Amino acid sequence: LERHYSADTDFRYRAAGRTVTGQGKIQHGSTFKIEATAVGRGGSIRASREAPLLELTACDQVTIHVKIHVSGEPAIRTVKIPRQESDLRQAHVAEHQLMFQRVALHLQPTSTTCEAKTTDRMVHDAFLGQPTTELFERMFDMGRYLLMASSRTGSLPPHLQGIWNNQLHPPWQSDWHLDMNVQMNYWLAETCHLSSSTRPLFRWIASLIPDGRENARKIWGCRGIVLPMACAGGGKMLPGPWVAWTGAAAWLAQHFWQHYQYTLDRHFLAREAYPFMKEAAAFYEDFLVKDDDGRYMVIPSLSPENTPAERGQWDQTKMMTINATMDIALVRELMENLLAASTLLRKDTAHQAVWRDILAHLPDWPVDKDGMLKEWERPENLDNQDYRHYAHLYPLFPGEAFSREQTPKLFEAAAKAVHAREACGYASNAGWSYPYLALLHARLGEGDQALRCLTQLAKCSMMGNLLTIHNDWRFQGLTLYWPLGDRAFMIDAIFGAAAAVAEMLLQSQGGVIRILPALPKVWDQGQVRGLQARGAFEIDITWSAHRAQQVRIRSDQGQICRMSGIGSRAGLHVRCAGRTIPVQRHSHGIFSFPTTAGKTYVLQPS
């Protein structure tokens, strides 16, 4: 039997044997197929003769196995269903533990009592202003678990709701936003030992390239690729002011390069990362134009999702400008990474002159008279500090252009910009703004401020199950007012929270591994195991009295290791297999030593 259901969707379903199959097409959208097979213990299961449903009779237990296929994904594969549910559970647990137990975080408990608090109680305590260290451990674990569950080989990458949604008309249509949200979903992947979870992201980005080329050619008359600010799976641009933002492909190129930095997988660099980076750069080679002073201009330009002010007035219809700071950062980072990749692979060496010319003639970083980083280069574009996006702070995070050691003035300019946003209050924030701010504070070495941001997230935009909300569902004025209901589910904030916890404990940008760079005062004692650092290093840290006592480093590729945050004035003691390893001291508290692939090194302050 078959039944037809039509509303926004042309949907037909039928039952045969122990399986109900549905096939449909969303109006002006995707086709999909769903199979649900029931496996019972005791009793019987059969297809109804009167309706396309299953009849379950006298079953002691029923397990329903669901498979979903959406157009653009591989077809539903035949999966052998085990006779016993315990077999399926055992396979799941084994696979889960293989991934989940790569990393473990243990912070000193807030209380020495044996009281075990449920997750919803921990969130409620944070709402009352009494967050426990256990809550942040659980936020860290939850973010890792959700990425494991939603980004598997053969799937699409998680969208704004991950892969979970309970509404026929979800917020933002459960789409992919490429101006921060998709990227935040994956900020934890490399550091938290989940590099394999990036495969769906890279595969999906590759599927957008044909549309990206068409966008670049038809809209701008350029080579290369331009990807939309938001999409529902494809990459075609829609009309509107967002067409002026051309930075999505360059931002996604960062994820390709970082995957190489963490894994040193040259095959991936040559086959996937470098070709995509070249395509993204080819657009800017055609798109950028020089002004009368010989500087390249990004025009039109846009800073997601803010609007420059003119004479103190903000007009959302006037988002376009010239040389938004984020666009300058994206072009600069892309060209620098492309030059590094080209040199490593010994490819396109003659073309490097083009990329170097662009780097040499980009505008300087815009800093105002008070020494603060501006969001727009042009003086008539005044900063709107009361906004939830921090696009102009891209070179601080997720980029790595600013550092305390190499660019102290720009580092301080970025710090002033972060603090200026917070001075305006939080009425314009979204839930994801808090982990984003926490990550910025972590890069600044401000652990207490980073922890405060994660506490604010739990206080206003987190449910008892640790899933996160776009808005302040308790209406405390800590995020923007949401007129469409009290809970607009968005998953990126819990991903960002996990990334922020990792970033507070370990950083590796700029060629230096930083141990406990933003440790909050209340995290006085703890240990973390299995975090990953650029250069293909795996790192365990044990600390007490707010100081690293021991660091264990496993070197996958035998790179020179440069460290800070572990040595003392007397130096750094490094041992491997009972041998003392020679250590070189550098400025800014940095130490370096050689490593051998596959070896483990134990570091302690001398």
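**Group meeting talk: patches, sheets and salt bridges**

Okay, let's start on the outside: L56, V62, I64, V66 and I68 make a nonpolar surface patch of about 450 Å². To count for a patch, a residue needs over 30% relative accessible area and no salt bridge, and nonpolar side chains (Val, Leu, Ile, Met, Phe, Trp, Tyr) are joined within 5 Å, while like charges are joined within 9 Å. The areas come from the Shrake-Rupley method with a 1.4 Å probe, and for residues only the protein chains shown count as cover.

Before I go on, a word about what you're looking at. This is a predicted model, where local features need pLDDT of at least 70 and side-chain atom pairs count only at pLDDT 80 or more, though totals for chains, interfaces and linings use all residues. Residues are numbered from 1 along each chain as its sequence is written, and side-chain values use heavy atoms, with hydrogens and water left out.

Back to the patch. Which strand gives the most to it? That's β7, residues 61–70, with four residues. Helices and strands here are DSSP runs numbered from the N terminus (helices are H or I, at least four residues; strands are E, at least two). L56 sits in strand β6, residues 54–57. L56 counts as partly exposed because its relative accessibility is 44%; the scale is buried under 20%, exposed over 50%, and partly exposed in between, with a 1.4 Å probe and protein chains only.

Now the sheets. Seven strands make an open sheet, in the order β8-β17-β18-β19-β25-β21-β22, with antiparallel pairing. The edge strands there are β8 (104–107) and β22 (579–580), each pairing on one side only. By the way, two strands pair if DSSP finds at least two bridges between them. Inside this sheet, β17 (residues 526–533) and β18 (residues 537–544) run antiparallel and are joined by six bridges. A533 has F537 in β18 as its bridge partner.

There's another open sheet, with five strands in the order β15-β16-β20-β24-β23, and here the pairing is mixed. At its edges are β15 (506–507) and β23 (584–585), each with a single partner strand, so one side of each has no neighbour in the sheet. Where does the mix show up? β16 (residues 513–515) runs parallel to β20, with two bridges, while β20 (residues 561–564) runs antiparallel to β24 (residues 590–593), with four bridges. If you want one residue to follow, take S564: R514 stands opposite S564 in β20, and S564 stands opposite I590 in β24. R562 has its bridge partner in β24 too, namely S592.

Let's go inside. In soluble globular proteins, nonpolar side chains tend to be buried together. A nonpolar core, for us, is a set of buried Ala, Val, Leu, Ile, Met, Phe, Trp, Tyr and Cys residues joined through side-chain atoms within 4.5 Å. The largest one here has 173 residues, and L505, I515, I539, M563 and L603 touch the most other members. Leaving out residues up to four places away in sequence, L603 touches, among others, V551, I553, M563, L572 and F593. Contact means heavy atoms within 4.5 Å.

And now one residue in a helix: L359, in α9 (residues 352–360). Is L359 buried or exposed? Buried, because its relative accessibility is 17%. Aside from neighbours within four places in sequence, L359 is in contact with R332, M335, E336 and L339. F402 is 43 residues along the chain from L359, and their C-alpha atoms are 16 Å apart.

Last topic: charges. How many salt bridges does the structure hold? The count is 27, where a salt bridge is a side-chain nitrogen of Lys or Arg within 4 Å of a carboxyl oxygen of Asp or Glu.

Take K236 and D211, whose closest N and O atoms are 3.0 Å apart. K236 is in the loop between β10 (230–231) and α6 (248–263), and D211 is in helix α5 (residues 199–220), so the pair ties together parts 25 residues apart in sequence. K236 is partly exposed at 47% relative accessibility, whereas D211 is buried at 16%.

Then there's E285 with R223, the closest N and O atoms being 3.1 Å apart. E285 lies in helix α7 (residues 266–287) and R223 in the loop between α5 and β10, 62 residues apart, so this pair links distant parts of the chain. 

Finally, D357 pairs with K290, with 4.0 Å between the closest N and O atoms. D357 lies in helix α9 and K290 in strand β11 (residues 289–290), so the pair ties together parts that are 67 residues apart in sequence.
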